[in-house]
Amino acid sequence: QVQVVESGGGLVQAGGSLRLSCAASGSIFRINAMGWYRQAPGKQREFVAGITNGDRTNYLDSVKGRFTISRDNAKNTLYLQMNSLRPEDTAVYYCNADVLATTFRYLEVWGQGTLVTVSS
């Protein structure tokens, strides 16, 4: 009914940059908060950055000043600009969206993830 699809992952050297995108589609009435999470091998999934539909943002301490989250409400798309990447940023990055569907049901939607690998 509603899905989100991430893109933009890949292999980058330490100090480099990547921009992740997350496009939401389906029976969407309104998207409320959106966020990025990541899961490194052998570790639990962790919150990276979030943004409300009023553009208030918050970040994991270790990415503050390096990552920037933004959204384009007209396109139902979420972004994560990642600069000064470090090997410890290597993980599968997941998009999350809190959606009010056209059926007026609230849904929490996850993407399939996109792999970011940072080489030293």
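Select Cys22 and Cys95 first: the two form a disulfide, with their sulfur atoms 2.0 Å apart. The model is a predicted one. The count of disulfides comes to 1. A disulfide is a covalent bond between the sulfur atoms of two cysteines.

Look along the S-S bond next. The torsion about this bond is -70 degrees, and the link of Cys22 and Cys95 is left-handed.

Now colour the two strands that hold these cysteines. Cys22 lies in strand S3 (residues 18–26) and Cys95 in strand S9 (residues 91–101), so the disulfide ties together parts that are 73 residues apart in sequence.

Turn on the surface and check both ends of the link. Cys22 has a relative accessible area of 0%, so it counts as buried, the cut-off being under 20%. Cys95 is also at 0% relative accessibility and is buried.

Move on to strand S7, residues 67–72, and show its side chains. Which residues make up its covered face, and which the uncovered one? Phe67, Ile69 and Arg71 are on the covered face, while Thr68, Ser70 and Asp72 are on the uncovered face.

Keep S7 selected and add strand S8, residues 77–82. The two strands pair in the antiparallel sense, over 6 bridges. To see one pairing, pick Arg71, whose bridge partner in S8 is Leu78.

Finish at the turn of this hairpin. Between S7 and S8 there are 4 residues. Select Asn76 in the hairpin: its phi is positive, near 50 degrees.

Note on methods: Residues numbered from 1 in each chain as written. Predicted model: local features only at pLDDT ≥ 70, side-chain atom pairs only at ≥ 80, totals over all residues. Heavy atoms only, no water. Disulfide = S-S within 2.5 Å. Buried < 20%, exposed > 50% of the residue type's maximum accessible area, 1.4 Å probe, protein only. Pairing = 2+ DSSP bridges.
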